[in-house]
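Hi everyone, thanks for making time for this. I'd like to walk you through one structure and how its helices pack together. Please have a look at it first.

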Amino acid sequence: MVSSSSLWKGRPSRQTRQFACDPPKTRVRWITIPIVGLFSFFGSPSLLVAQESPSATEPATSKGFLEIIFSGGFIGIAIIILLLALSVTAAYLIIDHLLSVKRSDVMPDGLGDKVRALLAQGQAAEAREICTQNPSVLSFVLLHGMSEMEYGWSAVEKALEDSLVEQSARLYRKIEYLSVIGNIAPMVGLLGTVIGMIMAFQQVAATQATAGAPQLAEGIYQALVTTVGGLIVAIPSIGAFAIFRNRIDQLIAECGYTAQHVFAPLRRKKKAS
């Protein structure tokens, strides 16, 4: 009989554009939190228990998930480390978005009403000063609109649309990496599984099929560990991306509505003339 170890023997060892009115970013320093959590999850004996092939003299024993990971050889461990790095990156992006992209940072309370009142009184300089003192997505959009006021409502409306698209793209750029991680992680896990199964069957062929079904099954379930790891990383990443995408769409839509409300007097003046 060929032992399970012989089946695996021989395996080869943003910079996004920054705007003057961007909300301040929050640096996340809790990188150790997802690492500890992931290792605790992997190390749980009740998560996944795999039975070793019973021998004639030894009773059947069970392996924990973490033990199965380290039994996959160098390639299996390397792929699991890569998946762990992807999971830490996804956790960082999720926490960073929750802390830095807030409604108060995108649309400060009362900013639209203050700017609207000042513009109605003809105090454009004071309105620009208030926007500069309250950096946010809304203030960025309003500043672009005020810069085109001398050219009429059509120019202001075009400036508002362009600035909204620009800020929307900037916010999307931060969460698109979650979508990338959600698509790459299963592929990385599948790569480890395919490599492990190839080497398991290669060893069976090298021994002229003398390895029994229990030994072959053990090699296969060890190879499938990377697929499980990839799915564990991908599912939360894709879910978080969908939630944040809808959240950004809602905030940008509210910014557009507020900007239209701020410049409503200018639009009515144009229609009256």
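**How the helices pack**

Let me start in the middle of things: the buried residues of α6 pack against α7, α8 and α11. Before I go on, please keep in mind that this is a predicted model.

So which residues of α6 are buried? They are L111, G112, V115, L118 and L119. Looking down the axis of α6, you find these buried residues within an arc of 135 degrees, so they line one face of the helix. The face turned away from that buried side carries D113 and A120, which are exposed. Just after α6 comes G122, with a positive phi of about 80 degrees.

Now let's stay with one of those residues, V115. What does V115 touch, once we leave aside its neighbours within four places in sequence? The contacts are A127, C131, L142, M146 and V262.

Two of those names come up again in the next helix. In α7, the buried residues are A127, I130 and C131. They sit on the same side of α7, because they cover an arc of only 100 degrees around the axis. On the other side of α7 you'll see A125 and Q133, both exposed. As for partners, the buried residues of α7 pack against α6 and α8.

Let's zoom out to the core. The largest nonpolar core has 48 residues, and V115 is among those with the most contacts inside it, together with L83, L142, M146 and F263. Which elements give two or more residues to this core? They are α4 (73-100), α6 (111-120), α7 (124-133), α8 (137-146), α9 (153-206) and α11 (225-262).

Two of these helices deserve a moment of their own. Two packed helices are described by the angle between their axes and the distance between the axes. For α9 and α11, the axes come within 7 Å and cross at roughly 175 degrees. That crossing angle makes α9 roughly antiparallel to α11. Sorted by class, their contact has 21 nonpolar, 13 polar and 4 charged residues.

And finally, the whole chain. There are 12 helices and 2 strands in the protein chain. From the N terminus on, the order is α-α-β-β-α-α-α-α-α-α-α-α-α-α. Of its 273 residues, 41% count as buried.

If you take one picture back to the bench, let it be V115: a buried residue of α6, in contact with A127 and C131, among others. Thanks, and I'm happy to rotate the model for anyone who wants another look!

Terms used: Residues are numbered from 1 along each chain as its sequence is written. This is a predicted model: local features need pLDDT of at least 70, side-chain atom pairs count only at pLDDT 80 or more; totals for chains, interfaces and linings use all residues. Side-chain values use heavy atoms; hydrogens and water are left out. A nonpolar core is a set of buried Ala, Val, Leu, Ile, Met, Phe, Trp, Tyr and Cys residues joined through side-chain atoms within 4.5 Å. Buried means under 20% relative accessible area, exposed over 50%, partly exposed in between (1.4 Å probe, protein chains only). Helices (H or I, at least four residues) and strands (E, at least two) are DSSP runs, numbered from the N terminus. Contact means heavy atoms within 4.5 Å. The arc is that of the directions from the helix axis to the C-beta atoms. Axes are lines fitted to C-alpha atoms, for helices over the stretch in contact, and angles run from 0 to 180 degrees between N-to-C directions. Angles under 35 degrees count as roughly parallel, over 145 as roughly antiparallel, 65 to 115 as roughly perpendicular and the rest as oblique. Ala, Val, Leu, Ile, Met, Phe, Trp, Tyr, Cys and Pro count as nonpolar, Asp, Glu, Lys and Arg as charged, and the others, Gly among them, as polar.
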